[in-house]
Amino acid sequence: MAFEDLLEDPVIQKYLHELVGPTGMPVAAAPPDGEVTDEELAEELDLELNDVRRALFILYENDLATYRRLRDEDSGWLTYLWTFEYDNIPENLEEEMHRLHEALEDRQEYERNHEFYLCEICSIRFEFGEAMDFGFECPECGSPVESMDNDRLVHAMDDRLAALEDELNIDA
C-alpha cells in the first residue's frame, strides 16, 4: 500500500497521531520519497528541529522510519538521512490490537474478581478493602459508599473482546 493510501485511512491517521502527538503529526503525515535530513524536514514543514527529531525518533522506535549516518570528512559532523517505512503500519496495528485484547482480558478478570463500592456524590470507586478501611464512607465527602454492580461494564468488555477476537481471527 502506498504512503498516500495509508495516510488517507482514518485509523492510520489516528495511530500516527497517538504515536507522535499533534506537534509531530506534520512530520508523520508528510513522508518524503527517499532520504531526508531532520533539518530539511524542519525547514520544509516550518517546525522546530527538536519537534522533528522527537517525531522521527518515535517513528524509528516503532519501526516506521530508518536512518543511516554519514560523517562529514572535513568537520566530522554526523548527518542522519531518514527514510520512512510505512509498510510496517498494518503489522504494528495488529500488534496493538493483540496488546489491547490482552489488556482487556486482564481488566475483565479484575472486574469479575473484585467487589466495588461507589460514592455517588464524588463518583469515586473503591475496592471492598479500601471501602472497609474507610468505614464504608467516602474519604472526600463523608457520604456512605454503596455496593456497585459492574455487570454492564463486564458485558461491554465481553462484546469488545468478541469484536477483537473476530477481527484478529482468535478462537475464543
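Visitor: In which crossing does α2 pass α4, left-handed or right-handed?
Guide: This is a predicted model. In this model helix α2 covers residues 10-29 and helix α4 covers residues 49-61. Where α2 passes α4, the crossing is left-handed.

Visitor: Is the packing of α2 and α4 roughly antiparallel or oblique?
Guide: Two packed helices are described by the angle between their axes and the distance between the axes. Here the axes are 9 Å apart and the angle is about 140 degrees. Angles over 145 degrees count as roughly antiparallel, and 65 to 115 as roughly perpendicular. The angle falls in neither range, so α2 is to α4 oblique.

Visitor: Into what classes do the residues of the contact of α2 with α4 divide?
Guide: On the α2 side the contact includes Leu16, Leu19, Val20 and Gly24. On the α4 side it includes Asp51, Val52, Ala55 and Leu59. The residues of this contact divide into ten nonpolar, two polar and one charged.

Visitor: Which residues does Ile58 touch, not counting residues up to four places away in sequence?
Guide: Ile58 is found in helix α4. Its relative accessible area is 19%, and buried means under 20%, so Ile58 is buried. Not counting residues up to four places away in sequence, Ile58 touches Leu19 and Val20.

Visitor: Which element gives the most to the largest nonpolar core?
Guide: In soluble globular proteins, nonpolar side chains tend to be buried together. The largest nonpolar core here has 24 residues, and Leu16, Val20 and Phe84 are among those with the most contacts inside it. At least two residues of this core come from each of α2, α3, α4, β3 and α5. With eight residues, the element that gives the most is α2.

Visitor: How many residues does the other core have?
Guide: Another core lies apart from the largest nonpolar one. Cys119, Phe126, Ala131 and Cys138 are among its members. Its number of residues is six.

Visitor: What is the phi of Asp63?
Guide: Most residues other than glycine have a negative phi. Asp63 lies in the loop between α4 and β2. Although Asp63 is not a glycine, its phi is positive, at about 60 degrees.

Visitor: Does Phe136 count as buried or partly exposed?
Guide: Phe136 is in the loop between α6 and β6, and has a positive phi of about 55 degrees although it is not a glycine. Its relative accessibility is 28%. Buried means under 20% and exposed over 50%, so Phe136 counts as partly exposed.

Visitor: With which residues is Asn150 in contact, leaving aside its neighbours within four places in sequence?
Guide: Asn150 lies in the loop between β6 and α7. Its relative accessibility is 10%, so Asn150 counts as buried. Leaving aside its neighbours within four places in sequence, Asn150 is in contact with Glu111 and Phe116.

Visitor: What separates the C-alpha atoms of Leu100 and Leu153?
Guide: Leu100 is found in helix α5 and counts as partly exposed at 37% relative accessibility. Not counting residues up to four places away in sequence, Leu100 touches Arg160 and Leu164. Leu100 and Leu153 are 53 residues apart along the chain, and their C-alpha atoms are separated by 16 Å.

Notes. Residues are numbered from 1 along each chain as its sequence is written. This is a predicted model: local features need pLDDT of at least 70, side-chain atom pairs count only at pLDDT 80 or more; totals for chains, interfaces and linings use all residues. Side-chain values use heavy atoms; hydrogens and water are left out. Axes are lines fitted to C-alpha atoms, for helices over the stretch in contact, and angles run from 0 to 180 degrees between N-to-C directions. Helices (H or I, at least four residues) and strands (E, at least two) are DSSP runs, numbered from the N terminus. Angles under 35 degrees count as roughly parallel, over 145 as roughly antiparallel, 65 to 115 as roughly perpendicular and the rest as oblique. A crossing is left-handed if the near helix is turned anticlockwise from the far one by less than a right angle, and right-handed if clockwise. Contact means heavy atoms within 4.5 Å. Ala, Val, Leu, Ile, Met, Phe, Trp, Tyr, Cys and Pro count as nonpolar, Asp, Glu, Lys and Arg as charged, and the others, Gly among them, as polar. A nonpolar core is a set of buried Ala, Val, Leu, Ile, Met, Phe, Trp, Tyr and Cys residues joined through side-chain atoms within 4.5 Å. Buried means under 20% relative accessible area, exposed over 50%, partly exposed in between (1.4 Å probe, protein chains only).
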